[in-house]
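Hi,

Here is the structure I promised to pass on to you. Please open it first, and then read my notes below with it in view.

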Amino acid sequence: NSKNSVVEIMKSDSQVIKLLIICSALGAVFGAIVGFAASRYISPSSNELISSFYSSEHAASVLYRGEAFPEVVPGQAVVILGGPDSANDTTPKILSELEALRECLDAGIPCLGICLGLQLLVKAAGGTVFRNSVKEIGFRDAADAWYEIEKTVEGDRDPLLSGLPAISRIFQLHGETVGLTPSMKVLAKGRTCENQIVKVTERAYGIQGHVELSEKMFEDWLAADGDLQKMDRAKLRLDFQDARRELERNSELLFNNFLKISGLLR
């Protein structure tokens, strides 16, 4: 996996960019999109994603090159995925991503951040990022209980979580968490890390857990991530298969809801 940001650009047939996906790990990107939209909605063919729930002008191709955060304009939306960095890093990459996200937020661009993406959005909007009391790794906590997120009263009313069950299992892979500003809202909470889904601004959201998890991503991370390598891989695979349908359904719901909030899906 590359530590350089990878920009994937989904284009309509008219070559108007609709959705920009920012990622810090090349191997995760393709699986992330498939995991988000679910296999029955998007079928991969070569380097294209053909989406039946998009109208024809939204049929998308995916580009695997580009390291700079692209210029974003009204009418577009941005998804920021995870990576090995910290939002507190002072590397040129993280500093430039934070600045670009501030510009997106100031312009009212719809944004959805996953894991590191959540932390970057919160920090860009004036919140803080700090070490969580425990690392959340895999599907279960130290007591062997499933990692679950529970909708708050605010979350039950928010369109991003429309159709999501009150309590959902989720895959975790993080050691940091976020401190929110008074204007931010917690839409879902967890036991060992409270701020799991956050409404950062009116059309900007962050999710701490990996709702976009696909089987390919999962296997890649089992092979590459140091924390996961210390765990029982056979048990992790059993947990993945046990939770897979729930994860796919929830990722489909959340991504479709975000597309509707963004005005890209009607």
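Let me begin with Arg102 and Glu99, which sit three residues apart in helix α2 (residues 92-106) and are therefore separated by about one helical turn. The two form a salt bridge, with 3.4 Å between their closest N and O atoms. Please keep in mind that this is a predicted model. Arg102 has a relative accessibility of 30%, so it counts as partly exposed. Glu99 is also partly exposed, at 39% relative accessibility.

Helix α7 offers a pair of a similar kind: Arg244 and Glu248 both lie in this helix, four residues apart, about one turn of the helix. Their salt bridge has its closest N and O atoms 3.2 Å apart. Arg244 is partly exposed, its relative accessible area being 25%, and Glu248 counts as partly exposed at 32%. Elsewhere, salt bridges that share partners tie Arg140, Asp144, Lys235 and Asp239 together into one network.

Which residue forms a salt bridge with Glu219? The partner is Arg237, and the closest N and O atoms of the two are 2.9 Å apart. This pair links distant parts of the chain, since Glu219 belongs to helix α5 (residues 215-224) and Arg237 to helix α7 (residues 233-262), 18 residues apart. Glu219 counts as partly exposed at 28% relative accessibility, and Arg237 is partly exposed with a relative accessible area of 35%. As background, side chains of opposite charge can pair when their charged atoms come close. Searching the whole structure gives 19 salt bridges.

Next, the aromatic rings. The whole structure holds seven aromatic pairs. In one of these pairs, Phe171 and Phe218, the ring centres are 6.0 Å apart and the planes stand at 90°, so the pair is edge-to-face. Here too, distant parts of the chain are linked: Phe171 is in the loop between β10 (167-169) and β11 (172-179), while Phe218 is in helix α5, 47 residues apart. Both Phe171 and Phe218 are buried. Ring pairs also gather Phe139, Trp146, Phe171, Phe218, Trp221 and Phe240 into a cluster.

Now to the strands. Strand β14 (residues 204-207) has Ala204 and Gly206 pointing one way and Tyr205 and Ile207 pointing the other way, and all are buried. That fits a general pattern: in a regular strand the side chains alternate between the two faces of the sheet. β14 runs parallel to strand β7 (residues 111-114), and four bridges join the two. Ile207 in β14 is the bridge partner of Ile114. With β13, β14 runs antiparallel, again joined by four bridges, and here Ala204 is the bridge partner of Thr201. β13 and β14 form a hairpin that has two residues between the strands.

Have a look at Gln196 as well, in the loop between β12 (185-189) and β13 (197-201). Is Gln196 buried or exposed? Its relative accessibility is 1%, so Gln196 counts as buried. A polar atom of the Gln196 side chain lies 3.0 Å from the backbone oxygen of Cys193. Leaving aside residues up to four places away in sequence, Gln196 touches several others, including Leu118, Glu136, Ile149, Gln172, Gly206 and Ile207.

One of those contacts, Leu118, is among the buried residues of helix α3. How many of the nine residues of α3 (residues 116-124) are buried? Eight of them are, so to describe the helix as mostly covered is fair, because buried means under 20% relative accessible area. Leu116, Gly117, Val122 and Ala124 are also among the buried residues. After α3 comes Gly126, with a positive phi near 105°.

Finally, the overall picture. The protein has seven helices and 14 strands, and 53% of its 266 residues count as buried. Taking contacts between residues at least 6 apart in sequence, 70% join residues at least 24 apart. The accessible surface comes to about 11,800 Å², and 51% of this belongs to carbon and sulfur atoms.

Happy browsing, and do write back with any questions.

Best wishes

Conventions:
Residues numbered from 1 in each chain as written. Predicted model: local features only at pLDDT ≥ 70, side-chain atom pairs only at ≥ 80, totals over all residues. Heavy atoms only, no water. Salt bridge = Lys/Arg side-chain N within 4 Å of Asp/Glu carboxyl O. Buried < 20%, exposed > 50% of the residue type's maximum accessible area, 1.4 Å probe, protein only. Contact = heavy atoms within 4.5 Å. Areas by Shrake-Rupley, 256 points an atom, 1.4 Å probe, with all protein chains shown as cover. Polar contact = N/O pair within 3.5 Å; in protein donor to acceptor, adjacent residues only side chain to side chain. Pairing = 2+ DSSP bridges. Phe/Tyr/Trp six-rings, centres within 6.5 Å; stacked < 30°, edge-to-face > 60°.
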